[in-house]
Structures are given as structure tokens and as C-alpha cells.
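Visitor: Please take a close look at the salt bridges in this model. Where do they sit, and what surrounds them?

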Amino acid sequence: MIDQFRDWEKNRHAYAKAWKEKTGGKVTGYFCSYVPEEILYAANILPVRILGSHEPQDVTEAHIFGMYCPFCRDCLAQGLKGKYDYLDGLLIAQSCLHIRQAYTSWIKHVPVDFSYYLPFPNNVQSPRAVTYLAGEIKAFKTAIEKWTGKEITDQDIRDGIKIMNENRNLIHRLYEYKKKENPPVSGEETMEVAISQQLVDKKEHSEALHKLLGSINSVPDGKNNGTRLMILGSENDDIPFIRMVESVKGTIVIDDHCIGTRYFWNNVHENNGDLITSIAERYINRPACPSKDWIIRTRIKHILQLAHDYRVKGAIVIQQKFCDPHELDIPAISRALNAAGIKTLFLEFDVTVPVGQFKIRVEAFLEMLQEEDIF
Amino acid sequence: MKIPNYKTAPLKCWNKAKEIRDDFYKNYAVAHEKGGLRWSGGAWSFGAIPAGLGDDVFPLTGEPYGASIAFNKQFSIRCMEATEKKGFARDLCSYMRNYWGSVILDEYIDGGKFPKPDFMWQDHICCSHAKWYQVASDLEGGIPTCCIDVAVGPYTEVNENRLNYITGQMHDGIEWLEKITGRKYNDDKLIEAVYNECRATSLWAEICTLNKAIPAPLDEKSMYSLYVLGTLEKHSKKVADFYEELLDEVKYRVENQIAAIKNERCRVMSDTQPPWGFLKVFRYLETFGAVSIGSLYTFGLIGMWEDKEDGSWGPRTTPQQKGIKIKDRDHALKVLADWNLSKPEWQHFYSPHLKSEMMLRIAKEWKLNGIMLHYNRGCEGLSLGIAENRLALIDAGFPVMTFEGNMGDEREFDEAKTSSRMDSFMETLGFSVINE
């Protein structure tokens, strides 16, 4: 059912190269889910999110001090090792300090034709944020036009918004199925769909999602009947970990990750005539990354709502080692979940995770949650 | 090589610097007794803005407070452990953990209970900045908190949209201050504070340029006690006046070849905050005749710089030196935002290569033999890109030594290992311990 998505996730580089050959278009890598991809789709550019490989590496030590998160180092390693040698451009939207080092080292040591640092506002709760971001998106659009030599019209932007919104709507529908007693898709399968969403042309991804949603009702009931879990925290595209959790009778029904729901949760609403402002509103109002969740803690309310809507019994709180933004949020979020009766298991992730040790901890956590059912 | 033997003398204004620092912590603590207000926030926050609430409004800046705690190792370890017990990771900013620990333990560095601020006033360029006071507010049971995002890109790329974003937040901040304090805002006091901040931070840069002289009139260990005043109240007349006095004294030292260390024969700079509990490593360097003349950190954390006509790096010309008369609130905020956006230590948040350029400039203009980089586990903001800085300095032909540590968590600093690295570095540069 999800073979196509799995293939895209596994063979992301082959896909991008083939896309480039087929279309003659440009491919840009991007760091961070705050990059307004609507503008890239408007310009017929394929945006590809830069992710790590989860393989030990020894090429970033000279470039990023070891106290920064393994994810940013893993991402940079991909660039230094030439895994993304097909990229025409590289972009980042400002979020945490860690990931921007992957960007700044990459563009120095592996130059690309076009690079852009979008100083995305951190104070998304300020009434000034939308206007400011709209100005920055306009400047970004102008830079893209200059690079490609082609004007981006309002109609192009409308098309870009439509492509992005449609894809978000479809994956939302997939997530709706995860509210069912025994969801037809597992957490692992969902993650394959979510990751590939950020790697391939969304028009193709949406077609595949249409097919998936069309066949989903034929999945026999009872396939994913483990203890309902939420997973949240730092960037996480560690499929083997999710597979392990589900192999011991847990079912991941919802997440709060930038590779998952935070990426696609809300849409652009063309409600005031200015398309760029509408895009800015979408990115300002999306579920926040912890680096932007201040002064009010909006994440807690959102996470508790997800936990309620998806009827989770426990939450696995993961954190990339040294990930300051999440380290700053986890105590408050864990407290809130526990106060709401949702038990938490905290795990610290590295480029590779000790699956054996984590399995013991996850099993113990699930046993603890299941005790409530027994007694 | 003949070992130099320069005149040396303690700084005459040393005690005055100490007094200003002591008064700062005391004034904050006793503000309520005099009917005044207390606010807490970062050393980079726009302190000139709350100054418009009156002369009886006293700040406590978190980073120097965290550093002061670090210097008191016993208190610091209790603060760290208190913070960790609350579930916070030990690799977070160590200033922040010291500060939180002081709040959790309800103990003030100067004795007594931790004086609860009336409001928190912060700025944000590092991931930890706003979150520091978000958590602090949680720990205090809820304190009104305002934070201004200043992360709009490097100064060379500032445009109207970016400046307006910051000044817009500043205007909102003033309305918020009036609302939460019930006080009427005084624009004249804001304007005065902006002038003072520009004067103080430009003067500090001018003082640092005097360290281009050989022998250096100041050593970095002493500079820490001087630049810190700018991290406490850079907008105050008291600090600006002190820097005028210090400038005169340092000029006198240069004219009369009064050295910071008598055997100066090797000049180095450091980078990022030092391990505050182990400043004696700088004294160890001196046994080789090596002086640390400062760093981008000491020069540019509060000092404001610009390219001078002769191509050198020097103090930024203040609005008052340019004859600019600040007309009103909006004008004052624009001047304040523009002034701060050129801060050297804000540039590397967007690219380590901008920092490397400034470091190379210091290495050349201050005539350095080598560079010691503190890979500081305690500060994700200032250690950002440090590995790329190392590569750039090496590429330019400067010998570089690195040592790993933590500015505020003594558990992550190995003194013996650092001294041993210094031995090797000095040997590489051709210097041995001077036996007198």
C-alpha cells in the first residue's frame, strides 16, 4: 500500500536526479520546514528537504563543534560526501542555531549555484511578524526570479499554493484515519508518507496519496491495534525506531514533529487578496517549532489537543542530543502531559539509536501503560 | 631573544569599576525599598527602553549574573544541580542554568533571597534567549515578560522592512511597559539613554583599539572586569562616564609604555566567554610572556565598531559625534535598533565567515602571534561556527590552539589539560616559561 512512498524515501537522490533529467528543472535543497515552498513550486523548482542518512560519519568534526545536534552534523555530512551533488540551490529559513551551521558550512565548502538565507521571524507571536515575513518572502521571490530569469506571476503563486494545500489536505485525511480504533496505517507507514512528502514533487505525491486513500478502506481491521502512542520532540525521521516501537505492540497514532504534523498542519488561506501575505500568515500561524514558541507556550495546548483527539495513552518524547530548543520545552511539555494523565517516556536520539536498549525501555513503558487495562 | 621588561602598574580606576558593579547588584536588590522597579533580562536587551520608565528602574542582566555565580564554584554547583533536578539538560546554556538555579534555590549571589523582578525584558537572537525568561517566568510563578526578536540578518543586509520589524516590536514593548507598570513613559529619558548607550559602547571599542599598542596596556583578564559594565547597564550615564575616565587612563598607559604584563613578548587572543571559574589560566599564559590582548568577544560583545578611513577597525562614530539630534521616540528607537544591529557579536549568528573576517582583522591589526579558541560547551550562541573560524584562521596562516570547556559549569573544564595544551601551544610558537 505504501510501497511507492517507501521507495521515494529510500531512493530520494535517484528520484531527484530523475526528476531533473525528466523536467530539465532546478532542484533546491532546503533546511527547516519554515521554507515557504509555495514560491518554489510557483517557479517550477523542486524543493527537497535535506535530511541525514543515520550512518556514522567522520567528515563534520572540522566544521561543526561536537556540542551541536547530531542531526545538523548528519545533514552536513551528506553535503560534504557529495550525496546531494545534483542540487542547483540551497535554502534555509531561520530557525534553530544548530541547523544553520549545516547550511553555512555547506555553501562554503560545497558551493551551489544559488543559496538563500531567509531570516524568518522568531517572534511569531508579535503582531509585526506577518508584515515582516511577507516582506522577506517578497525579497525571496525576487531572488528566485533573478536566479531563474523568469517572473513569478500571481497565477504562478496561486498554483504553488494549490499544490501545497492539496498535498496538506490529503495527508490530513490520512491522519484522520489514525483516529480510528485500529488505524489502517501504522506509524512507520505514516512516517514513510510524511518524509517522502518533503522529498518528491508534491503533484506526484498527491496522486499517490489519492490512490492510497482510495484503497485504505480495504485494509483489514485490527492491523494496528497496539497501545496508542504519540511521539513528539526534535526532528525525527528514524524509521527503524518507529518500526521497533510498533514491533512490541505500540502504535504511533500521532506526532508533533517538524517532519510530520508540524510541517503540514495548516493551509494557506487566500483571504485578503495579497497572496504573499496569505503565505506569510500560514507560516506564522503553523504549529510552532520550540525555537519560536514564546512567550506564550502554544505548543502545550496544541499537543494536548492532539493527544485528546487521537486518544493516546502514552507519549514518547524524543530529543536529538544537544537540541537546545527541545531541551527548553521538554520539561514543561512532559509535565503537562503527565498532568493530563498521559505518561511519558523520554529518549535521547543520536545519528544512530541503540535500538536494543531502547526496545527494553519501550517494552517497559508499554507494560506500564497496559497495566492500567489489566487492573 | 631578549626578554622585555616593561613598566607595569595597576589600573587607577579599578576600584571604581568594582564599585559600579557592586552598586548594580545592590540597587537591583533594594529597588523596592525605595519604591522603584526591578526588571530582569539579557545583557543584550534594549535596556535603554525601560530607562524611560524613570530613574528608579533597575535591571539584573542574566549573563553577567550567571558568570558571577560561575565564579563562586560552590554556589554554582548547587544552582546547576537544582536546575537539573527540575528536568533541564546539563548541556543548556550554563549562564541560564546558574540563573535558574539561583531562582529555584531562592538565593541571591549577594546574599538573601532572590529578588523577584517586576517584569522581564529580553531580546532574542540565540535560541536560548526568549526561552530563558519563559522558563524563569514559569519558575517564579508568572512574571510579565516581553521579548524583542532582533534576528533579522547581518548588518550589511539591513533594510527598511527588517528595521521596521524591530522598531515595531520596540513601540509595542513601550506600550506594554506602560500597561504592566502603570507608569507614564518618558521619551526624554529614552533619548538620553540611547545617547549614553552609543557613547559607552563606542568608547569601549576605542579603549580596545588602544590595545593595538606594544606593550598592550590591558590584558584580557583585566578587561573582563571592565567590559562587564557595558553588559550591566550600557545605557547608563554612569557607565559611559566611567569609560571616558578609563579611556584617558589607558591612553596615558600607552603614551608611557605601561604594560599589562611586564614581559610581553607574545600576543594572543581568545574567543568566546572564558571559563569563569578558571581565569587563572590567563595568569599561566603570562609565565611565558604571553598576553591575551582581548578577543572578538571582549571587544565586540558590547563594543561597537566600524571601518575607519585609514582602513583600520575602530570605534563606531556615535550619533552625537555625527551631530544627529534625536527628535522623538520613533527616531530614538530607530537609532537604537540600527546601532545594535551592527554589533560585531551579532553577525556570526548568520554566518561564521563574517566572524572569521573580524577575527582575522584583529589578528592582523593587533599583531598577534596566535589564537586560542575556547570551544565553549556553555554557550551555543557564541560557539556557533567556531570550528569554521578555526579553519579560516589556519588558512590565513595563524597558529590556532583550541581548548574545550564551559564558561559557567566547572564540571566541564579540565584545568590541567588546558594548561598542558597551552604548554604545547607556547612551545610551537617558540616560547618557554620565563624563569626569573
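**Salt bridges, one pair at a time**

Guide: A:E55 and A:K83 form a salt bridge, with their closest N and O atoms 4.0 Å apart. A salt bridge here is a side-chain nitrogen of Lys or Arg within 4 Å of a carboxyl oxygen of Asp or Glu. This pair links distant parts of the chain, 28 residues apart. A:E55 is in the loop between β2 and α4 of chain A, and A:K83 is in the loop between α4 and β3 (89-93). Helices (H or I, at least four residues) and strands (E, at least two) are DSSP runs, numbered from the N terminus. A:E55 is partly exposed, at 39% relative accessible area. A:K83 is partly exposed too, at 30%. Buried means under 20% relative accessible area, exposed over 50%, and partly exposed in between (1.4 Å probe, protein chains only).

Some ground rules. The model is predicted: local features need pLDDT of at least 70, side-chain atom pairs count only at pLDDT 80 or more, and totals for chains, interfaces and linings use all residues. Residues are numbered from 1 along each chain as its sequence is written, chains are lettered from A and ligands numbered from 1 in the order in which they are written, and side-chain values use heavy atoms, with hydrogens and water left out.

The whole structure holds 55 salt bridges over all chains. Take A:E37 with A:K202, where the closest N and O atoms are 2.9 Å apart. These two sit 165 residues apart, A:E37 in helix α3 and A:K202 in helix α9 (residues 202-215) of chain A. A:E37 is buried at 0% relative accessible area. A:K202 also counts as buried, at 1%.

Chain B has a buried pair as well. B:D271 and B:K355 meet in a salt bridge at 2.8 Å, N to O. B:D271 is in the loop between β7 (266-270) and α10 (280-286), B:K355 is in helix α14, and these positions lie 84 residues apart in sequence. Both residues are buried.

Salt bridges can also share partners. One network joins A:R6, A:E9, A:K10, A:R12, A:E188, A:E192 and A:R243. Within it, A:K10 pairs with A:E192 at 3.7 Å.

Now the domains of chain A. An automatic or database domain assignment gives domain 1 (7-124) and domain 2 (158-374). Their C-alpha centres lie 22 Å apart. In contact (heavy atoms within 4.5 Å) are 43 residues of domain 1 and 46 of domain 2. The two domains bury about 3,800 Å² between them, 62% of it on carbon and sulfur atoms. Buried area is the accessible area (1.4 Å probe) that two parts lose on being put together, summed over both.

Four salt bridges connect these domains. On the domain 1 side, α1 (3-10), α2 (12-23), α3 (37-42), β2 (46-49) and α4 (70-80) of chain A each supply at least two residues. The largest share, five residues, comes from α3 of chain A.

Next, the chain interface. Chain B gives 50 residues to the contact and chain A gives 46. About 3,800 Å² is buried between chain B and chain A, with 58% from carbon and sulfur atoms. B:K131, B:Y165 and B:E380 supply 15% of the area that chain B buries against chain A, more than any other three residues.

Four salt bridges join the two chains. One ties A:D329 to B:K131 at 2.7 Å, N to O. There are also 28 residue pairs in polar contact, both residues at pLDDT 80 or more. A polar contact is a pair of N or O atoms within 3.5 Å; within protein, one must be able to donate a hydrogen and the other to accept it, and residues adjacent in sequence count only if both atoms are side-chain atoms.

Finish with an uncharged neighbour at that interface. B:Q169 lies in helix α6 of chain B. B:Q169 is buried, at 3% relative accessible area. Residues touching B:Q169 include A:N123, A:S126 and A:R128 across the interface, and B:C147 within chain B. The side chains of B:Q169 and A:N123 make a polar contact of 2.8 Å.

Terms used:
Lists of a residue's contacts leave out its neighbours within four places in sequence.
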